[in-house]
Amino acid sequence: VVADLLLPSCRRTSGLLIARAVLGALWCLSFAWLCRAVQGRFGRPAATVLVLLTGTQFHLLFYATRMLPNTFALCLVQAAVAAWISGTRVVPSLMAFTAAIVVFRFDVAVLLAPVLVVMLVGREVRFLPMAFTGAAATAAFLALTVAVDSVFWRRWLWPEG
């Protein structure tokens, strides 16, 4: 009887540990990608400083495996910035930023705005293709998040809206 009572709890705990391990791995992968992009664009010393500064920030490493919207958004933002500064992946960068904004944290738009200005001024992207990509990505991610969240909450819902 005791084993029957403890088994569901063990399954939940195991599931949570697995989910947090996967999220931590995603955070590590996106951070590694960001470090490689920084090294490629700005050199090894800049990448070393990035790693050292990040390693000294306890809260960032503490939250890297927490199941919070901020953590999921951070993984996407790190990937988006890495794609952007690598210089060759502007569209994937815009898609990752848009996913982070629409699905997890709308305030990431405050970070995206100056990035878009730099992209436009630096002629990394033209306005109309960028606007089309952003609008298409917004529509796709909005449909996805509303569909998924509405199923879980059993009513039409866009949590970030």
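**View 1. Lining of the largest pocket in the predicted model.** In this predicted model, the largest pocket is lined by 15 residues, and those nearest its centre are L60, N70, T71, A73 and L74. The volume of the largest pocket comes to about 240 Å³. Helix α3, which covers residues 58-63, and helix α4 each contribute at least two residues to the lining of the largest pocket, with α4 giving the largest share, namely five residues. Sorted by character, the residues that line the largest pocket comprise 10 nonpolar, three polar and two charged ones.

**View 2. Packing of helices α4 and α5.** Helix α4, made of residues 69-85, packs with helix α5, made of residues 90-104, at an angle of about 165°, and the axes of the two helices lie 7 Å apart. Since angles over 145 degrees count as roughly antiparallel, α4 and α5 are therefore roughly antiparallel to each other. The crossing that α4 and α5 form is left-handed. On the α4 side, the contact is made by P69, F72, A73, L76, V77, A80, V81, A83 and W84, while α5 brings S93, A96, F97, A99, A100 and F104 to the contact. Taken together, the residues of the contact of α4 with α5 divide into 14 nonpolar and one polar, with no charged residue among them.

**View 3. Lining of the second largest pocket.** The second largest pocket encloses about 160 Å³ of space, and the residues that line it are P69, V103, F104, T145, V148, D149, F152, W153, P159 and E160. Both α5 and α7, the latter running over residues 127-153, supply at least two residues each to the lining of the second largest pocket, and α7 gives the most, with five residues. By character, the lining of the second largest pocket divides into seven nonpolar residues, one polar residue and two charged residues. Two residues of this lining, P69 and F104, also take part in the contact of α4 with α5, P69 on the α4 side and F104 on the α5 side. In a similar way, A73 of α4 belongs to that helix contact and is also among the residues nearest the centre of the largest pocket.

**View 4. The whole chain, for orientation.** The chain holds seven helices and zero strands, so that its elements, followed from the N terminus on, run α-α-α-α-α-α-α. Along its principal axes, the C-alpha trace of the chain spans about 70 × 45 × 20 Å.

Definitions and conventions
Residues are numbered from 1 along each chain as its sequence is written. This is a predicted model: local features need pLDDT of at least 70, side-chain atom pairs count only at pLDDT 80 or more; totals for chains, interfaces and linings use all residues. Side-chain values use heavy atoms; hydrogens and water are left out. Axes are lines fitted to C-alpha atoms, for helices over the stretch in contact, and angles run from 0 to 180 degrees between N-to-C directions. Helices (H or I, at least four residues) and strands (E, at least two) are DSSP runs, numbered from the N terminus. Angles under 35 degrees count as roughly parallel, over 145 as roughly antiparallel, 65 to 115 as roughly perpendicular and the rest as oblique. A crossing is left-handed if the near helix is turned anticlockwise from the far one by less than a right angle, and right-handed if clockwise. Contact means heavy atoms within 4.5 Å. Ala, Val, Leu, Ile, Met, Phe, Trp, Tyr, Cys and Pro count as nonpolar, Asp, Glu, Lys and Arg as charged, and the others, Gly among them, as polar. On a 1 Å grid over the protein atoms alone, a cavity is a set of points where a 1.4 Å probe fits but cannot get out, and a pocket is an open set with protein on both sides within 12 Å along at least five of seven lines; lining residues have an atom within 4 Å of a point. Grid points are joined across faces, edges and corners, and a volume is the space filled by probe spheres set on the points.
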